Each structure stands twice: as structure tokens, then as C-alpha cells.
Amino acid sequence: MFLHRIWPYFNPKPKKSHPFLFSKQKRMTYSGIYFDKVELTLEFNQEIWAKIHQQVPNLDRRTQKLKTNQLTLLISHAQLQEFKALRKISLSVQSEQLSQAIGLESISHSQISRRLRALPVKVSEMLFKGVLNKVAQRKGYSSIQQRLGKLYMIDASIISLCLSRYPWAVFRKSKAGIKMHLRLSFDGTAVPDEVIITPAKTADKNKLDALIVVDDNALHIFDRGYIDYKLFEKYCKEGIRFICRLKNNAIVEFTGVERPIREEGSIEEDVDVILGGGSKKMKHPLRVVTIDDGVNEPFSIVTNDFELSAEEIGEIYRYRWQIELFFKWLKQHCQVKHFYGTSEAAVTNQLLLSLLTYCLLILLKLEVDYKRDLLTLQRELIACLFENFDSFVRKLRRRRRKSSRRINYGQIYAMTEHQIMNEKTDWLNELTYDPVIL
């Protein structure tokens, strides 16, 4: 089912015999299952592939087997299923439904590896951008965007590699690695907006300028690893707004401007300062907000936005955690740590196609208005992969039975505490003990 809904992204030249162009009575999927609704239109499909063939001429000129559209569809399916090895991908094509869906009877693991290595990175980038445009059209304006503006989280994550297999990605003397420099758009839904893939030794702040969005309504949030006073000076001149955590050893000069704060709140201080010293001293004043939530150590946030309240600045910086959650989800549920090739192009293509697969899941979640988490949707999708779309939506929206048995955890805790305080703990060593049945 998932494959048929994303098929228009990967079918560059639909012919009259294409199943989506059949009449209603004859419109069947490659796996023989009727599929009525196709959200991704053929017009978009033709447009994106026309751009790809214009920028990458002769893309499949000498390819006899495993065309680019089939390769991208196969890798996207492998990402969804979390396949770690090329041989598993090759064996999956023996499934009749998948074979018919992709239009491929068989393929060896070595052929997949060679095609992934030979695929121009530009193609993967353009497909990824095409899906992002569809996601942006679906999302609309959320309450967060209306209240706080467009929020962009910027961060980087390292993926470790074996130095002997990936010598082009030297990180340390005995270690290799790559780094994903990512910009995440967040308005209640986290979507990767831009990605730059480099060897791991590239410093985070070296790619900050390439991830900045020039938009008056955009607000960038990043961690203290991106602190660069020259860049901050440039952003202040160009009107680019940012929020960043301040280092503990930063040189700060108080300007005398201090804003009132609420005594009962978590804001400790809201002042204007000049950062840096000597030749690195900034000319533009910045705003520093110090926060103490009573749980963690107090920390300071620096920004060039003087319109937002201190509470809103603290709230926005907490949203930065969304990019950490995104990296965690991607590494746990997409194959970005086990690669299908060892060349730089193969690794880059796999990472871009994993982001594309994530965005397709987001697109499906928005389309069906699914309220639960993305992992649950992925699991439901795998279970119903080749079913028709209407049946899949019905299964997503069916009510789950609630357990009639309610456990009183407060009573269990009070009873256990009472027994421990009275030194009646012999039963704790019994394997048959279950506090729930008390």
C-alpha cells in the first residue's frame, strides 16, 4: 500500500498502460489489489522527473535493469522495513507483491550496490526536496507558527564508521565518521528542511551559514557549538533572528538595560549585553535571558530578538530538543548506521533516501490525520503494506478496546510501603508475588 501511494514520485514517464491511468473498473495496483485514492498526482510526478532529466541528462541511458525509479523505491522500502543488509533487500524482491509493485522480477545484491554508488546525489536531493514541497503544502499554518513565527532548529549528528571501509571519511586516527548538518522545521510537526552531509571532522559552525533561512519571520534555534561572534554580527546587520545557548566562559559586558521579570516565574534575568572582548568584541547589543527551572542548573540564552517576552524565548529554546528527538528516531527506525555501500555517493544517497522515507511517513500521517506517534503509524503501515488505502485508514481509526480492569497504583504503593516499614518483606523474594493481584 505504501509503495503504491509513493509510486508517482519514482515513476518518471507514466505510459498509457500505467495502472493509475486505467478506468475505474480496470485500475489495479501491480500487486493485484484495487487502489482507489492516489494523493500524489501524476502532474507533480512528471514535473519533478522533468527537472531531474534536465539537470542529469542520460540518467538511465545504459541501464538495462534496476532503473533509477526502481532503485529509489526499493531503498525506500528497505528503509521502511529497516533492512540492514543488501542480501535481505535482494531476497525481498522474491515476494510476488513487492516484485509486481516495483516491476522487477529479481535483482542481485551486487547490482543494488553498484546502482546506489552510481546514482548521482543530485537525483536523491531533488526527490527529497520534491517530497518536502508536498509536506509543506499539507501542513498549513499551526498555532505555534502563528504565535511564534517559523521555527528552525539547527544541529549536527555524527554517525560512526569503520575507517578501513570508509577511508574517505577520516575522523580520528583509528575512527571514521560522517556528520549530518540538519535544519529542522518545527510547528508541532518536526520535518527535516535542509541537510548537508560532510566528514565528521567538519566543525558545526562552519555549515551554519548554509543552513540559515533568510526570512523576516524565521527564527533559528541552535546550541552553543554554533557560537561565532562574526556570524552573529552579520546576522544582526541582515535582520536574521536567532536564539542560542550562551557558553559559561563567554565574555559579557552589561549595557545597563535590564527588563522587569516576574518573581514567581523561572526567568532569573533579562538584560542587554555586548559579547566578546578585544578584536572579537561585537558592535551590536544582544539580549541574554537566564533561566532556572528548579530542576537543572541555571543557563543563559542569547538572542537578537528584542520583541518576544522572556518566557516565550525560554519556551522556544526548549523546542530545540525536537531535533535531538528527530536524530534519535532516525537512527533507531531508519537504516542510517548500516550502509548498503562504502563509497561517499552511496552513503549520501542512502541518508537522503532515509530522510525522504521519513517525510513520506509524515505526509501520510498528515493525510490521514493520524493523532498517535509516527512509530505506531510505521508499524501499522508495515502490517498493511499491500492493502488498499481505504482498508488501511479504517484499521487506523478503529477503536481499541479499553481494559475493563483498572489497576490502583496508589493503593499498591501504599500497601507495599506499609509492609516494608513493618519489615514484612519475605514475600519480595517469592517469584510468584505479583502486587497487581492484591
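Buried here means under 20% relative accessible area, with exposed over 50% and partly exposed in between (1.4 Å probe, protein chains only). Helices (H or I, at least four residues) and strands (E, at least two) are DSSP runs, numbered from the N terminus.

## About the model

This is a predicted model, so local features are used only at pLDDT of at least 70 and side-chain atom pairs only at pLDDT 80 or more, while totals for chains, interfaces and linings use all residues. Residues are numbered from 1 along each chain as its sequence is written, and side-chain values use heavy atoms, with hydrogens and water left out.

## Two enclosed helices

Let's start with α13, which runs over residues 344–368. Of its 25 residues, 21 are buried, so the rest of the structure largely encloses this helix. Its length checks out too: the expected span (1.5 Å times one less than the number of residues) is 36 Å, and the end C-alpha atoms sit 37 Å apart, which agrees.

Helix α3 (residues 68–81) gets a similar treatment: 14 residues should span 20 Å, and its end C-alpha atoms are 20 Å apart. Here 13 of the 14 residues are buried, so α3 is also largely enclosed by the rest of the structure.

## Positive phi around the helices

Most residues other than glycine have a negative phi. What sort of phi does D369 take just after α13? A positive one, of about 55°, although D369 is not a glycine. D369 belongs to the loop between α13 and α14 (374–383), and at 49% relative accessibility it counts as partly exposed.

Around α3 there are two more cases to look at. E82 follows the helix with a positive phi near 60°. L66 also has a positive phi, near 60°, and is not a glycine either. L66 sits in the loop between α2 (42–55) and α3, and with a relative accessible area of 0% it is buried.

## Salt bridges

Side chains of opposite charge can pair when their charged atoms come close. Counting a salt bridge as a side-chain nitrogen of Lys or Arg within 4 Å of a carboxyl oxygen of Asp or Glu, the structure holds 17 of them. One of these joins D155 and R320, with the closest N and O atoms 3.2 Å apart. D155 is in strand β1 (residues 150–161) and R320 is in the loop between α11 (310–318) and α12 (321–333), so the pair ties together parts that are 165 residues apart in sequence. Are these two partners buried or exposed? D155 is buried, at 8% relative accessible area, and R320 counts as buried as well, at 7%. Both residues belong to a network of salt bridges that links D155, D223, R320 and E324.

R259 is another residue worth a look. It forms a salt bridge with D270, the closest N and O atoms being 3.3 Å apart. R259 lies in the loop between β7 (252–258) and β8 (267–275) while D270 is in strand β8, so this pair connects parts that are 11 residues apart in sequence. R259 also meets D272 in a salt bridge, at 2.8 Å from N to O. D272 lies in strand β8 too, so that contact ties parts 13 residues apart in sequence. As for cover, R259 is partly exposed at 21%, whereas D270 is buried at 3% and D272 counts as buried at 9%.

## A loop glycine

G276 is in the loop between β8 and β9 (286–291). It counts as buried, at 5% relative accessibility. Its C-alpha atom is 5.1 Å from that of I251, and the two residues are 25 apart along the chain.

## Out on the surface

Which residues gather in a patch of positive charge on the surface? They are K205, R224, K230, K247 and K280. Patch members have over 30% relative accessible area and no salt bridge, with like charges joined within 9 Å and nonpolar side chains (Val, Leu, Ile, Met, Phe, Trp, Tyr) within 5 Å. Of the patch members, K230 is found in helix α10 (residues 229–238), and at 72% relative accessibility K230 counts as exposed.

R87, in helix α4 (residues 86–92), counts as exposed too, at 55% relative accessibility. The C-alpha atoms of R87 and Y340 are separated by 9.6 Å, with their positions 253 residues apart along the chain.

Key. Areas by Shrake-Rupley, 256 points an atom, 1.4 Å probe, with all protein chains shown as cover. Lys, Arg positive; Asp, Glu negative; His and termini not counted. Charge placed at Lys NZ, Arg CZ, Asp CG, Glu CD.
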